[in-house]
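Subject: Structure for your review

Dear colleague,

Please find below the structure I agreed to hand over. My findings follow it, arranged by topic.

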Amino acid sequence: MPPVSFHQPPRHPHAWAWVFIASQLAVIAIWWAWGWKAGLPTLAVTHLALVWATLRPQSRVLSPVLNRLPTGDRAVWLTIDDGPSDDTRAILDLLDAHRARATFFLVGARAQARPELVAEIVRRGHGIGQHSHTHPQAWFWALPPHAMRAQIDQAQSALTFLTGTRPRWFRAVVGMANPFVAAQLKRHGLARVAWSARGYDAVLRDPAGVVARIERDLAPGAIVLLHEGAAHGRNVETLAALLGRLDALGYRTVLPEDIETLPAAA
């Protein structure tokens, strides 16, 4: 049987807009027929649905998103956001020590500032994903089309130049979809990735507590969200604790490309 692929860039990036327009026409019809007592709640529901689709990382309303690897093996995909950073070399050493692999979702401008770290990630056999160009954490969810295009174009150009390979995976800033992200992902052949296990290591200082949160959601094919370079300075400790726990539980780490090369029957 042919290999299975779950890399899914958006095919119809503007479908959400047509659905939303149709919903607003329905609101107008309801308002006309039954007045504001029916029309106003309907208007609120349609707008809240769009907000929910934007803010929920696992939502597929605005574009396809990968939340879990399709495997029954005790294997997980480690994804590390926000680099490169001062933590990168120590993280790479830890991964080597545990014979683990990860995908680093890099910020384009940070990668341009530290190209030697990008080269080291690639040299050690890890994956590179895109995580915007400047990491506009407060406003990514609300960026207009031209700003979204700039974020993704510039990061894709920078990471392709530095690695010699076009990234295939994209992680939205704070996981938020943004209605205008799908069109840009389609242009670059990028597939959006969320997660199924997280410990909030970007904000929580306690490695044991972070690992305990992640462990609650561990399962075959889990996508684990991690960070580097957080202000609290304990991301390396957290990764060390997590890798030790994965070893104890019998989990191995894989990259999605490893799974994609397997026959569909597997």
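I begin with His133, which is placed in the loop between S4 and helix H6 (145-163). Please bear in mind throughout that this is a predicted model. With a relative accessibility of 7%, His133 counts as buried, because that value falls under 20%. Leaving aside residues up to four places away in sequence, His133 touches Val107, Gly108, Ala109, Gln112, Gln151, Gln154, Ala155 and Ala158. Of these neighbours, Ala155 deserves a separate remark: its backbone nitrogen lies 3.5 Å from a polar atom of the His133 side chain.

Salt bridges

The structure holds 13 salt bridges. I describe several of them here.

One is formed by the side chains of Asp93 and Arg124, at 2.8 Å from N to O. Asp93 belongs to helix H3 (residues 88-97), while Arg124 sits in the loop between helix H5 (115-123) and strand S4 (127-130), so this pair ties together parts that are 31 residues apart in sequence. The two partners also fall into separate accessibility classes: Asp93 is partly exposed at 44% relative accessibility, whereas Arg124, with a relative accessible area of 19%, is buried. The assignment of Arg124 rests on the cut-off, because buried means under 20%.

Another salt bridge joins Glu120 to Arg123, whose closest N and O atoms are 2.7 Å apart. Here both residues lie in helix H5, 3 residues apart, which is about one turn of the helix. Glu120 is buried, its relative accessible area being 12%, while Arg123 counts as exposed at 59%.

A further salt bridge brings together the side chains of Arg245 and Glu215, at 2.9 Å from N to O. This pair links distant parts of the chain, as Arg245 is in helix H9 (residues 235-249) and Glu215 in helix H8 (residues 207-216), 30 residues apart. Arg245 is partly exposed, with 33% relative accessibility, and Glu215 is likewise partly exposed, with a relative accessible area of 27%.

Which residues are joined into one network by salt bridges that share partners? They are Asp93, Asp96, Glu120, Arg123 and Arg124.

Val211 in helix H8

Helix H8 also contains Val211. At 8% relative accessibility, Val211 counts as buried. Not counting residues up to four places away in sequence, Val211 touches Thr238, Ala241, Leu242 and Arg245. The last of these, Arg245, is the salt-bridge partner of Glu215 described above. For a longer-range reference, the C-alpha atoms of Val211 and Val51 are separated by 30 Å, the two residues being 160 residues apart along the chain.

Packing of H3 and H9

Two packed helices are described by the angle between their axes and the distance between the axes. The axes of H3 and H9 come within 10 Å and cross at roughly 10°. Angles under 35 degrees count as roughly parallel, and H3 and H9 are therefore roughly parallel to each other. On the H3 side the contact is made by Ala90, Ile91, Leu94 and Leu95, and on the H9 side by Val236, Leu239, Ala240 and Leu243. What is the character of the residues in the contact of H3 with H9, nonpolar, polar or charged? They divide into 8 nonpolar, no polar and no charged residues. The salt-bridging residues Asp93 of H3 and Arg245 of H9 are not among those listed for this contact.

Yours sincerely

Conventions
Residues are numbered from 1 along each chain as its sequence is written. This is a predicted model: local features need pLDDT of at least 70, side-chain atom pairs count only at pLDDT 80 or more; totals for chains, interfaces and linings use all residues. Side-chain values use heavy atoms; hydrogens and water are left out. A salt bridge is a side-chain nitrogen of Lys or Arg within 4 Å of a carboxyl oxygen of Asp or Glu. Helices (H or I, at least four residues) and strands (E, at least two) are DSSP runs, numbered from the N terminus. Buried means under 20% relative accessible area, exposed over 50%, partly exposed in between (1.4 Å probe, protein chains only). Axes are lines fitted to C-alpha atoms, for helices over the stretch in contact, and angles run from 0 to 180 degrees between N-to-C directions. Angles under 35 degrees count as roughly parallel, over 145 as roughly antiparallel, 65 to 115 as roughly perpendicular and the rest as oblique. Contact means heavy atoms within 4.5 Å. Ala, Val, Leu, Ile, Met, Phe, Trp, Tyr, Cys and Pro count as nonpolar, Asp, Glu, Lys and Arg as charged, and the others, Gly among them, as polar. A polar contact is a pair of N or O atoms within 3.5 Å; within protein, one must be able to donate a hydrogen and the other to accept it, and residues adjacent in sequence count only if both atoms are side-chain atoms.
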